[in-house]
Amino acid sequence: MNIEAKARTFETQTSETLIIGVQKHREQMKNWSTFSDFYGETINTWLHAGEISTDSKTITKLPFSGNHTSLKRIYFVGLGERKHMTANELREAFATVGKELKAAKVSDIAIWVESFTTDQFEETEVAYLAGEGLNLGYYTTLSYKTTSNEPNTYLDQVQFVTEANIEDVVENFEIGKVYADAVNEARTLINLPPNLLTATDLADYATELANIYDLEVEILNKTQLEELGMGGILSVNKGSVEEPRLITIKYQGKPEWEDVIGFVGKGVTYDTGGYSLKPRDGMVGMKGDMGGAAAVLGAMRIIGETRPKQNVVAVIGSTDNMVSGEAFKPDDVITMYNGKTVEVLNTDAEGRLVLADAMTYAKQQGANYLIDVATLTGGVIVALGKDKTGALTNDEEFFEEFMEAAIETGEFVWRLPLTESDKKRIRKSEVADLNNSPGRDGHMIFGGGFVGEFAEGTPWIHLDIAGTSDAGAPHALGPKGGTGVMVRTLATLVELRDN
């Protein structure tokens, strides 16, 4: 994308498409009279008559027939009440524009930055949200249909009509785009069919990502995992013909390897449930069971681009969970990487076994704080619905810091309790230290709580994104399919640590 570092006026911008925000009280909008002089007084008449909607996140597209060498159309973006507008609403408004532009195959735009400003949002903040929202909305899911030969369209050219410092505007738009691009990469990973994304493929993707940004990367294969005794990942992998991988990426933003944030992602590339077999309908969509890994890799992409002064290690355990004569079974007792034993009561509670070994490895790699991200349980959907990420923690201060990042990105997270009674049920077994499935009641808490057993004394947050990682229908920020949820929040947490 060419982001032009030259401030334009209405007269000098060269795009065919101009994006303008319209608020209910346009008399309060910065420099509105300048635009009405350019367009003509009819613009105020149409607004007054309601021909151009000012309702939040509505788009009115009008042709432009005035005296201009290139401008052909204007997208008026409804912003609602000026005083009520939030950052998330503005991000979603720009995403709505992105969808409209994609549908119309528009690739070259100009944005009147000041039309989106309020007392709360200056030009730089508008530029950031535009870079993020437009590119999130412009995304489309991969298609393997052979019925269309139409070339894909991309947002190729962006200009800014603004009186603000153009370098600051461009810089913030570019950062917003970095965040959106990382989310879109995560979405694409989640949407990949399982025959096109094995654990080996995911490891190759992670290696390529690390090489692009000069990050340290380590890939452990099955033989190496056996030598280390990673019983959790290896047990889940026993039924598969595809080898497992443990992926580690390190970013060092400080002189010393200390104060390290650890991201741990569940990378189960397909989950049949194993011998605790999922029903037919429950198996469809399990290609996205690596949404946690996608979130972690997306966050590392942003970190590689923005280079914060913070140390981060990302660890992803990756395998599929299949059925065969070699597959692990209910009643098996397995020994985890940290030496704890686990009684298997449910082979469809496999993600927590993979995460547990990865958590231990992250600590060995120096992680002082841990956040695991996983499409872990259907229980979180029963408890919270499909639009909320569920969370557990063992550290109030760390969780408050994380929530500051979640609120800033608009990604809704709700914390559930993890009590001593819950922990006793996870530790209840006549033959092992832990069991992997205490019951269906409180399922999200038991799943995350099991992972927490391997955090031990390290500050830890568990994020269950089973409801939020995949959208069953188009939504405010994108299309049906993988959402890339938590990419922006994880990266923002690191960014806040840098400030």
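Let's start with strand β12, residues 341–343. β12 pairs with β16 in the parallel sense, over two bridges. Within that pairing, Val-342 stands opposite Leu-434 of β16. Keep in mind that this is a predicted model.

Now the sheet around that pair. It is open and has three strands, ordered β11-β12-β16, and the pairing is mixed. Which strands sit at the edges? They are β11, at 333–335, and β16, at 434–435. Each of these two pairs on one side only.

Next, an annotation. UniProt, in an unreviewed entry, puts the feature "domain: Cytosol aminopeptidase" at residues 346–353. What does the model show for that span? The C-alpha atoms at its ends are 11 Å apart. Helix accounts for 38% of residues 346–353, strand for 0%.

On to the six-stranded sheet. This one is open too, and its pairing is mixed. Read across, the order is β1-β6-β5-β2-β4-β3. The edges are β1, residues 2–8, and β3, residues 59–63. Each has a single partner strand, so one side of each has no neighbour in the sheet. How far are neighbouring strands turned against each other? On average by 25°, direction ignored.

Take the β1 edge. β1 runs parallel to β6, residues 157–161, and four bridges join the two. Ile-3 is opposite Val-158 in β6. Then there is a helix on this sheet. α3, residues 87–103, packs there and touches β2 (17–22), β3, β4 (73–78) and β5 (108–112). The direction of α3 makes about 145° with that of β4.

Now helix against helix. In general, two numbers describe a packed pair: the angle between the axes and the distance between the axes. I have three pairs.

Pair one is α4, residues 123–138, with α5, residues 166–191. The angle is about 25° and the axes are 7 Å apart. Under 35 degrees counts as roughly parallel, so α4 is roughly parallel to α5. The crossing of α4 past α5 is right-handed. What is the make-up of this contact by class? For α4 with α5, the count is 11 nonpolar, six polar and six charged residues.

Pair two brings in α10. Helix α6, residues 199–212, packs on α10 at about 10°, with the axes 11 Å apart. That makes α6 roughly parallel to α10. From α6, the residues are Leu-202, Tyr-205, Ala-206 and Leu-209. They meet Ala-293, Leu-297, Met-300 and Arg-301 of α10. By class, the α6 and α10 contact has seven nonpolar residues, no polar ones and one charged.

Pair three is α10 again, residues 291–306, now with α16, residues 487–498. Here the angle is about 45°, and the axes lie 8 Å apart. Is α10 parallel or oblique to α16? That angle makes α10 oblique to α16. α10 passes α16 in a right-handed crossing. On the α10 side, the contact uses Ala-294, Ala-295, Val-296, Gly-298, Ala-299, Ile-302 and Ile-303. On the α16 side, Val-487, Leu-490, Ala-491 and Val-494 take part. The classes for α10 with α16 are 10 nonpolar, one polar and no charged.

To finish, look at α10 in both of its pairs. Towards α6, it offers Ala-293, Leu-297, Met-300 and Arg-301. Towards α16, its residues include Ala-294, Gly-298 and Ile-302.

Conventions
Residues numbered from 1 in each chain as written. Predicted model: local features only at pLDDT ≥ 70, side-chain atom pairs only at ≥ 80, totals over all residues. Heavy atoms only, no water. Axes fitted to C-alpha atoms, helices over the stretch in contact; angles between N-to-C directions. Parallel < 35°, antiparallel > 145°, perpendicular 65-115°, else oblique. Left-handed = near helix turned anticlockwise from the far one by under 90°. Contact = heavy atoms within 4.5 Å. Nonpolar A, V, L, I, M, F, W, Y, C, P; charged D, E, K, R; others polar. UniProt positions renumbered as here; feature names shortened; annotations may be inferred. Pairing = 2+ DSSP bridges.
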